[in-house]
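Here is a walk through a protein model, taken one region at a time. Keep the 3D view open and follow along as you read.

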Amino acid sequence: MAQVKHNQIAPGVYWLDTVGSTQDAVITAQHDLVHGEIIATGNQTDGRGRADRTWTTPPGSAAALSLILRPKLDPDLLGILTLVAADGLVHWFRSLGVDASVKWPNDVQGPDTRKLCGILAQWLPETNAVVVGIGTNINFDDAAPVTTAGSLADYGVRIDPQDFVITARRKLLDAIDAFVANPDAKRLESTMTTVGQRVRAIMPDGNDIIGTAVGLGATGSLLIQGETDHEVLAADIVHLRPA
């Protein structure tokens, strides 16, 4: 942890020039980190997303951060922090002129549905904490690694990665504090492009649920109305028509 503390660039923000995974770095340092502190980098070499998928971006094109949280929330609500973080980022991006939105369960998209951010939350029982990892595409100087990825620069926002993570921390903590004060999942629906869409939910067991996403359940689940009503806790979501 001494090495991390040596690289403090702002209150609560520790920057590593290169790291395998900011998520792993926070897990390693969890006993020394307090609520709201982050470890961040512009070069994450072994990032991962939901369901242990990899998160790959060219060095310098993205900012990765992991935020440790110990909020005073009912344990049943800790899983919704992914959506709370996404909602907070979307409000910030919209204030910068980017018409972003949340795709359930853990993506922030640009106005053309390209992915700007991926978000992963992980429970740390040893220290009774949640670590929220966020990878955000900042600027693809050449070409995006995949056609479904977009960067903030693509939508006219140019920002230094360190400045991004410093401001992102403040925006995220503001969003989390507001949710703790009023833990109503319905407040998060206004930034979600998934709500109102006809969707296909690809379930962990390989089965599909098709219907209209009509809202969020109390703990952040997705409510889908089809031939029968479903409450989906985990799935890959495909939008079947444009938002």
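Let's start with some empty space: in this predicted model, the second largest pocket has a volume of about 430 Å³. Its lining is made up of 20 residues, and those nearest the centre are Gly79, Ile80, Thr82, Pro105 and Leu233. Helix 3 (81–95) and strand 9 (115–124) are the elements that give two or more residues to that lining. Strand 9 supplies the largest share, with five residues. What kinds of residues line this pocket, nonpolar, polar or charged? The split is twelve nonpolar, seven polar and one charged.

Strand 9 takes us straight into a sheet. Eight strands form this open sheet, and reading across you meet them in the order 1-2-3-6-10-9-8-7, with mixed pairing. At the edges stand strand 1 (8–10) and strand 7 (101–103); each has a single partner strand, so one side of each has no neighbour in the sheet. On average, neighbouring strands here are turned by 25° against each other, direction ignored. As background, strands of a sheet pair through backbone hydrogen bonds, and they can do so in a parallel or an antiparallel way.

For one pair within this sheet, look at strand 6 (residues 62–69) and strand 10 (residues 129–137), which pair in the antiparallel sense over eight bridges. If you want a spot to zoom in on, serine 66 has glycine 133 in strand 10 as its bridge partner.

Now add the helices. Helix 2 (residues 22–29) lies across strand 3 (38–41), strand 6, strand 9 and strand 10, and runs at about 30° to strand 6. Helix 3, which you met at the pocket, lies across strand 6, strand 7, strand 8 (107–109), strand 9 and strand 10. Its angle to strand 9 is about 150°.

Pause at valine 108, which sits in strand 8. Is valine 108 buried or exposed? It counts as buried, because its relative accessibility is 0%. Setting aside neighbours within four places in sequence, valine 108 is in contact with Ala86, Val90, Phe93, Ala100, Ser101, Arg114, Lys115, Leu116, Cys117 and Ile119. There's a long hop in sequence here too: valine 108 and methionine 192 are 84 residues apart along the chain, while their C-alpha atoms are 9.1 Å apart in space.

For a contrast, head over to aspartate 174 in helix 4. Aspartate 174 is exposed, with a relative accessible area of 52%. The C-alpha atoms of aspartate 174 and glycine 88 are 7.8 Å apart, though 86 residues separate the two in sequence.

Carry on along the chain and you come to threonine 194, in the loop between helix 4 (161–181) and strand 11 (198–202). Threonine 194 counts as buried, because its relative accessibility is 0%. Which residues does threonine 194 touch, leaving aside its neighbours within four places in sequence? They are Val102, Lys103, Trp104, Val199, Ala213, Leu222, Ile237 and His239.

The last stop is another open sheet, this one formed by five strands in the order 14-13-12-11-15, with antiparallel pairing. Its edge strands are strand 14 (229–232) and strand 15 (236–239), and each pairs on one side only. Neighbouring strands of this sheet are turned by 45° against each other on average, direction ignored.

You can trace part of this sheet pair by pair. Strand 11 and strand 12 (residues 208–216) pair in the antiparallel sense over five bridges, and arginine 200 stands opposite isoleucine 210 in strand 12. These two strands make a hairpin with five residues between them, where glycine 206 takes a positive phi near 95°. Next, strand 12 pairs with strand 13 (residues 222–225), again in the antiparallel sense, over four bridges. Here alanine 213 has isoleucine 224 in strand 13 as its bridge partner. This pair is a hairpin as well, with five residues between the strands and a positive phi of about 95° at glycine 220 in the turn. Finally, four bridges join strand 13 to strand 14, which run antiparallel, and glutamine 225 stands opposite aspartate 229 in strand 14.

How values were computed
Residues numbered from 1 in each chain as written. Predicted model: local features only at pLDDT ≥ 70, side-chain atom pairs only at ≥ 80, totals over all residues. Heavy atoms only, no water. Buried < 20%, exposed > 50% of the residue type's maximum accessible area, 1.4 Å probe, protein only. Contact = heavy atoms within 4.5 Å. 1 Å grid on protein atoms, 1.4 Å probe; cavity = no way out; pocket = protein on both sides within 12 Å on 5 of 7 lines; lining within 4 Å. Points joined across faces, edges and corners; volume = space filled by probe spheres on them. Nonpolar A, V, L, I, M, F, W, Y, C, P; charged D, E, K, R; others polar. Pairing = 2+ DSSP bridges. Axes fitted to C-alpha atoms, helices over the stretch in contact; angles between N-to-C directions.
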